[in-house]
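Here are some exercises on ligand and metal sites, each with a worked solution. Take a look at the model first, then work along at your own pace.

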Amino acid sequence: MSQVDLHLHSTASDGKYSPEALVRMAAELGLKYISLTDHDSVAGVPAALGAARAFPELTFIPGVEISTDVPEGEVHVLGYFIDFASPEFGSSLERSRNSRQGRAQGMVSKLGELGINIDWARVQELAGDGAIGRPHIARAMLEKGYISKFEEAFEKYIGHGGPAYVERDKMAPAEAVALILSARGLPVLAHPFTVSGPEKLVQELKSTGLIGLEAYYKDAPREDIDAMLRLAERHGLIATGGSDYHGFGENNEVRPGGVEVPLKAAESLIALARERSKK
Ligand code: AMP
Ligand code: FE
Ligand code: FE
Ligand code: ZN
């Protein structure tokens with residue numbers, strides 16, 4: 001059980017729990033530092049900050065997780081301490097969320113062509129006010145009995161390159177880094193385990209302002225974590241981490257604080273944010 005979890009999802013994207021409920025859960029579990037990192041959205045941040053006021057021992061860090069693409073697959077970039085009230089940042093994220101709508105609709109119609117008939121209205125309903133994504137489609141498929149477990153949707157249909165997969169409006173990882181920096185945030189490469197050729201990407205992004213690497217991550221084997229810690233060390237990056245908790249009980253889910261992340265991860269981020277805010 002760790003006291004740090006810098007990767008959590010709420011109803012503002014594809015998580016089960018509201019920002020307030022997540023904060024309460026984290027406080028009850030005895031966490032000291034958490035961040036809310038919804039996909040392409042900071043809509044949950046104000047509510048989480050408000051809820052965190054009731055728990056003085058808990059420090060809440062505003063965050064976001066931006067989806068980007070590379071030819072080999074997807075890359076997610078986390079942003080911490082972003083100015084979540086920035087109108088420019090807000091409209092960039094809004095464009096991404098709008099493109100999520102069209103993309104999700106495209107996947108639903110491709111599924112239809114494959115004989116999998118789920119209602120677009122139901123998918124929208126499952127997403128609610130949150131940034132719509134493939135997990136909402138997967139849940140609609142599950143409800144209708146087209147799949148027997150959540151992951152099957154990705155394995156058979158809507159995983160990257162699958163028969164019902166639709167690409168998003170492309171944003172490059174370096175663009176996400178720039179976007180986060182423009183909102184005075186700290187860009188961190190998310191779950192580098194899922195990136196092919198992480199060293200090259202890290203090198204490239206470091207030169208454009210990347211400051212950290214998510215080396216501690218749910219169900220990552222010790223040797224992979226160690227390799228990422230060495231990679232972070234080689235490039236002078238802060239090693240961060242978190243559970244990527246969504247709350248729906250996926251196979252590999254761990255609860256908030258379930259990944260061993262050292263206090264130093266959060267403290268280093270906070271120190272860097274302080275240093276930058278003085279400039
Ligand atoms: P999207 O935001 O539409 O690109 O969907 C990506 C989200 O889908 C991730 O953040 C995860 O929550 C979920 N996801 C992606 N791949 C899988 C998988 N193989 N099994 C379960 N969930 C997945
Ligand atoms: Fe997600
Ligand atoms: Fe991610
Ligand atoms: Zn995530």
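**Exercise 1.** How many Å apart are the iron ion (ligand 2) and the iron ion (ligand 3)?

*Solution.* Some ground rules come first. This is a predicted model, in which local features need pLDDT of at least 70 and side-chain atom pairs count only at pLDDT 80 or more, while totals for chains, interfaces and linings use all residues. Residues are numbered from 1 along each chain as its sequence is written, chains are lettered from A and ligands numbered from 1 in the order in which they are written, and side-chain values use heavy atoms, with hydrogens and water left out. Now for the distance: the iron ion (ligand 2) and the iron ion (ligand 3) are 5.8 Å apart.

**Exercise 2.** Find the residues that coordinate the iron ion (ligand 2), and place them along the chain.

*Solution.* Step one: look for donors (N, O and S atoms within 2.8 Å of the metal, or 3.2 Å for Na, K and Ca; water is not among the atoms, so sites may look incomplete). D14 (OD), H39 (NE2) and H246 (NE2) coordinate this ion at 2.1 to 2.2 Å. Step two: H39 lies in the loop between strand 2 (33-36) and helix 2 (45-52), and H246 in the loop between strand 7 (238-242) and helix 10 (263-278), 207 residues apart. Helices (H or I, at least four residues) and strands (E, at least two) are DSSP runs, numbered from the N terminus. Step three: written as a spacing, the donors of ligand 2 read D-x24-H-x206-H.

**Exercise 3.** Do likewise for the iron ion (ligand 3).

*Solution.* Its donors are E65 (OE), H76 (ND1) and H191 (NE2), at 2.0 to 2.2 Å. H76 belongs to strand 4 (residues 73-80) and H191 to the loop between strand 5 (186-189) and helix 8 (198-208), so the pair ties together parts 115 residues apart in sequence. The spacing for ligand 3 is E-x10-H-x114-H.

**Exercise 4.** Which side chains make polar contacts with ligand 1?

*Solution.* Use pairs of N or O atoms within 3.5 Å; within protein, one must be able to donate a hydrogen and the other to accept it, and residues adjacent in sequence count only if both atoms are side-chain atoms. Among them, H39 places a polar side-chain atom 2.8 Å from an oxygen atom of ligand 1. For R100, a side-chain N or O atom is 2.9 Å from a ligand 1 oxygen, and for D14 the distance is 3.2 Å.
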